[in-house]
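Load the model in your viewer and keep the sequence panel open. This tour goes stop by stop, with a selection to make at each one.

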Amino acid sequence: MSHEGIRIVSAEQAARDAGQEAVKLPTEAVTPARIRVKKTEGTGMEIDWKDGHTSAWNFAWLRNACPCATCHDEREKSGRIPGEPKPKAQTLLMMYEAPPRPVEVTPVGKYALKFKWNDGHETGIYSWEYLRRVCRCDACLAKGSME
Ligand SMILES: [Zn+2]
Ligand SMILES: [Zn+2]
């Protein structure tokens with residue numbers, strides 16, 4: 001497997017991907033205090049941040065928000081925002097696909113998590129900065145929709 005797709009999203013890029021201004025987030029906001037990956041349940045991941053904020057994502061959302069170069073470019077081209085699923089082609093033969101779930105989640109240094117997904121994709125490195133920017137909690141979603 002080629003590793004060309006691997007990239008770490010910079011703070012500026014993370015902000016842009018999340019449709020936000022590149023205002024620097026406080027260190028406590030991008031430092032996880034506790035991470036729960038609900039791999040066995042297959043539901044999703046939760047992060048408690050040092051600033052007291054909690055973020056939660058389901059695995060399908062995280063898979064569709066993969067920050068690797070390949071997925072990023074593909075989203076740009078098709079105009080999808082991070083987390084938005086690919087439109088399903090209307091075909092006669094409907095294939096059942098297993099819902100996305102990670103087979104492996106490994107820390108990358110002190111700044112990111114690498115997900116290996118059940119579809120074999122493993123080039124996505126999710127930085128704390130990126131994850132905090134794409135927080136799906138009610139407060140953050142409300143903030144985003146005001147813009
Ligand atoms: Zn990807
Ligand atoms: Zn939030």
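**Whole chain**

Buried residues make up 24% of the 147 residues in the protein chain. Keep in mind that this is a predicted model.

Colour by secondary structure. Five helices and six strands should appear. Trace the ribbon along the sequence, and the pattern reads α-β-β-β-α-α-β-β-β-α-α.

Now check the overall dimensions. The C-alpha atoms fill a box of roughly 50 × 35 × 30 Å along the principal axes. The radius of gyration is 15 Å, which agrees with the value near 15 Å for a compact globule because the chain has 147 residues. If you draw a contact map, look off the diagonal. Of the contacts between residues at least 6 apart in sequence, 51% join residues at least 24 apart.

**Stop 1: the sheet β1-β2-β3**

Select residues 32-37, 44-49 and 54-58. The strands β1 (32-37), β2 (44-49) and β3 (54-58) are now highlighted. They form an open sheet in the order β1-β2-β3, with antiparallel pairing. The edge strands are β1 and β3, and each pairs on one side only. Neighbouring strands of this sheet are turned by 10° against each other on average, direction ignored.

Zoom in on β1 and β2. Five bridges join this antiparallel pair. Pick Ile35 and find its bridge partner in β2, Ile47. Then pick Arg34, whose bridge partner in β2 is Asp48.

Follow the chain from β1 into β2. The two strands form a hairpin with six residues between them. Gly42 sits in that turn, with a positive phi of about 75°.

Go on to β2 and β3. Five bridges join these strands, which also run antiparallel. Asp48 appears again here: it stands opposite Thr54 in β3. This hairpin has four residues between its strands. Select Gly52 in the turn and read off a positive phi of about 95°.

Show side chains on β2. In a regular strand, side chains alternate between the two faces of the sheet. Which residues of β2 form its covered face? They are Met45, Ile47 and Trp49. The uncovered face holds Gly44, Glu46 and Asp48.

**Stop 2: the sheet β4-β5-β6**

Select 102-108, 112-117 and 124-127. These stretches are β4 (102-108) and β6 (124-127), together with β5 (112-117). They make an open sheet of three strands in the order β4-β5-β6, with antiparallel pairing. The edge strands are β4 and β6, each pairing on one side only. The twist averages 25° from one strand to the next.

Look at β5 against β6. This pair is antiparallel, over four bridges. Label Phe115, then Gly124, its bridge partner in β6.

**Stop 3: the loop between β5 and β6**

Select Gly120 and Thr123. Gly120 lies in the loop between β5 and β6, and so does Thr123. Is Gly120 buried or exposed? Gly120 is exposed, because only 12 or fewer other C-beta atoms within 10 Å are allowed for that label and it has 8. Thr123 is buried, because it has 21 other C-beta atoms within 10 Å and the cut-off is 20 or more.

Draw two C-alpha distances. Gly120 to Val103 gives 8.8 Å, for residues 17 apart in sequence. Thr123 to Ala69 gives 8.4 Å, for residues 54 apart along the chain.

**Stop 4: the largest nonpolar core**

Show Leu62, Tyr126, Tyr130, Leu131 and Val134. These have the most contacts inside the largest nonpolar core, which has 22 residues. Now add the elements that supply it. β2, α2 (59-64), β5, β6 and α4 (128-133) each contribute at least two residues.

Centre on Tyr130. Leaving out residues up to four places away in sequence, Tyr130 touches Val9, Ala14, Asp17 and Pro67.

**Last stop: Ile81**

Select Ile81, in the loop between α3 (69-78) and β4. How many other C-beta atoms lie within 10 Å of Ile81? There are 12, so Ile81 is exposed. Finish with one more C-alpha distance: Ile81 and Thr54 are 27 residues apart along the chain and separated by 22 Å.

Note on methods
Residues are numbered from 1 along each chain as its sequence is written. Chains are lettered from A and ligands numbered from 1 in the order in which they are written. This is a predicted model: local features need pLDDT of at least 70, side-chain atom pairs count only at pLDDT 80 or more; totals for chains, interfaces and linings use all residues. Two strands pair if DSSP finds at least two bridges between them. Axes are lines fitted to C-alpha atoms, for helices over the stretch in contact, and angles run from 0 to 180 degrees between N-to-C directions. The radius of gyration is taken over C-alpha atoms; the globule rule is 2.2 Å times the number of residues to the power 0.38. Two residues are in contact if their C-beta atoms, placed from the backbone, lie within 7 Å. A nonpolar core is a set of buried Ala, Val, Leu, Ile, Met, Phe, Trp, Tyr and Cys residues joined through C-beta atoms within 7 Å.
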